[in-house]
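The exercises below invite a careful reading of one structure, each with a solution worked out step by step. Please look at the sequence and the model before starting.

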Amino acid sequence: MSVDAFTFWRRKIGWVRLRINVGWVLDRLLPLLFLGAIGFTIAVLAGRRVGWSDRALATGGVLSACALVVLSLAQARRRFISTAQARAQVDSTLRLHNRLASAAEGIGPWPETAMWKGALWRWNARRLSIVPATCAALICGAFLVEIPLARPPLPPPTAKPPALAKAEAWIDKLEKSPDVDPSSLEQMKEEAEQLGRQSAEEWYSHAGLEAADHLKNQLSSGIKALEQNATKVESLLSAATGDATMTEGQAGELKEELSGALSALEGNVPALDKELMGKLGKLDPSRLRDISPQQMKELKQRLEHAKQAAEDAMGSKEGGSDEDEESEGEPGGRGGLSPGPGASKLSFEDHPANLSTSATKAVENPDMSHAALGQTVGVSAGQHDVDKTAENRAQSGGNGSQGAGAGTVWTQQNLTPQEQRQLQQFFK
């Protein structure tokens, strides 16, 4: 009997302790939950208006709720009761007169189980459900109400960046040429394929655009170098075969120039065909006349084909060259789809525009409140009022009129101001 009573009361005391501690947590959580629901509702309405996804908003709401629970638990922890306090609470509520506390200390038996009344610790479910129901209604309404987007989202781009499209077109053109080594293009082709497999958003990201521009610029430099060096080798071969009286010094200079051009072609991307590079590397400028005309013609033709492939790649309509892009568009700088940096074509009309540059208007500013010292207040046009009837002639070096009074003294003498004042006072 005592063992069963001990187990029963231990479980009930633990149950009471849990309900009281959870009650303190709910006491702190419900006000924070209501305020958080209002803030989250506003955030959902604003986020849906700018186009945020419901999944992202729901994730933010769950994380916010978890943060509120942790905050409430931290605030209510100081009010949690222990097992002894819960036992004293049960003793007081059931009016057992400390029988539970005495039995726990080994003094007296445990009370009968029939004395337990669980309804005394029942929660008010209606009161507790008001705040959660209100929060749920606010949040569901924020997700269900129709809100027009502030700006409809732009459709994802479907066309590849122009730099990447050019690079791919150039590689396709060069691979079709038999005089260009396809193995030299494998690395660039692989880079172009990796960029092409990216999503549309990654194409036009900062890193994606930089990678495409770098690939295009690197390939463009290689194609121009291939064209220039192939032209140089072809001209050197023509010069060597056309000069019958070549000295050893001229042959040495020609050989050095030919070796430099071939070295540039060998390390270039794209590079010439390996078979053609092998034949060109064995040439000796001093013995070019020993080569048959058919062999020399074949070498020149293959160099011409490689140069033509480079020219076709740079000027192809699929990839488009920088010069073509600048020249495309309508007259007057309208440009069509491509806003290239080309200069606008100027045109003259039959009738010049009337800009009214010959009309003059007076400018007035009657407000002189902001005028500075020394600033011109006004300017007017006029003539001096000169009395032309009076005659006042004087000989050269003389006075126009005879002085009167004190003027006779000081006008004809070179006196200081102090002396002049004294004379004035004396001759008053």
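A polar contact is a pair of N or O atoms within 3.5 Å, where, within protein, one atom must be able to donate a hydrogen and the other to accept it. Note also that this is a predicted model.

**Exercise 1.** Describe the surroundings of arginine 48, and find which backbone oxygen lies close to a polar atom of its side chain.

*Solution.* Begin with the position: arginine 48 belongs to helix α1, which covers residues 2-50. Next, consider charge: arginine 48 is buried and yet has no salt bridge, since the nearest side chain of opposite charge, that of aspartate 54, is 4.3 Å away, while a salt bridge needs the nitrogen and the carboxyl oxygen within 4 Å. Then turn to the backbone, where the oxygen of valine 145 is 2.7 Å from a polar side-chain atom of arginine 48. Finally, list the contacts: beyond residues up to four places away in sequence, arginine 48 touches several residues, including Asp54, Leu57, Phe143, Val145 and Glu146.

**Exercise 2.** Work out which helices supply the largest nonpolar core, each with at least two residues.

*Solution.* The core itself has 36 residues, and those with the most contacts inside it are Leu219, Ile223, Val233, Leu272 and Leu280. The helices that each supply at least two residues are α6 (162-175), α7 (186-196), α9 (206-242), α10 (248-266), α11 (274-281) and α12 (293-314). Of these, α9 gives the most, with eight residues. Another core, of 14 residues, lies apart from this one and has Trp9, Ile13, Val16 and Leu94 among its members. To look more closely at one member of the largest core, take leucine 272, whose contacts outside its neighbours within four places in sequence include Leu226, Leu265, Met277, Leu280 and Leu303.

**Exercise 3.** Examine the loop between α3 and α4, and decide whether arginine 95 is buried or exposed.

*Solution.* Arginine 95 sits in the loop between α3 (83-94) and α4 (99-104), and although it is not a glycine, its phi is positive, at about 55 degrees. Because its relative accessibility is 69%, arginine 95 counts as exposed. Histidine 97 lies in the loop between α3 and α4 as well, with a positive phi near 55 degrees, and its relative accessibility of 72% makes it exposed.

**Exercise 4.** Locate the cis peptide bond that leads to proline 270.

*Solution.* The bond runs from valine 269 to proline 270, with omega near 5 degrees, and proline 270 is in the loop between α10 and α11.

Notes. Residues numbered from 1 in each chain as written. Predicted model: local features only at pLDDT ≥ 70, side-chain atom pairs only at ≥ 80, totals over all residues. Heavy atoms only, no water. Helix = DSSP H or I, 4+ residues; strand = E, 2+ residues; numbered from the N terminus. Buried < 20%, exposed > 50% of the residue type's maximum accessible area, 1.4 Å probe, protein only. Lys, Arg positive; Asp, Glu negative; His and termini not counted. Contact = heavy atoms within 4.5 Å. Core = buried A, V, L, I, M, F, W, Y, C linked by side-chain atoms within 4.5 Å.
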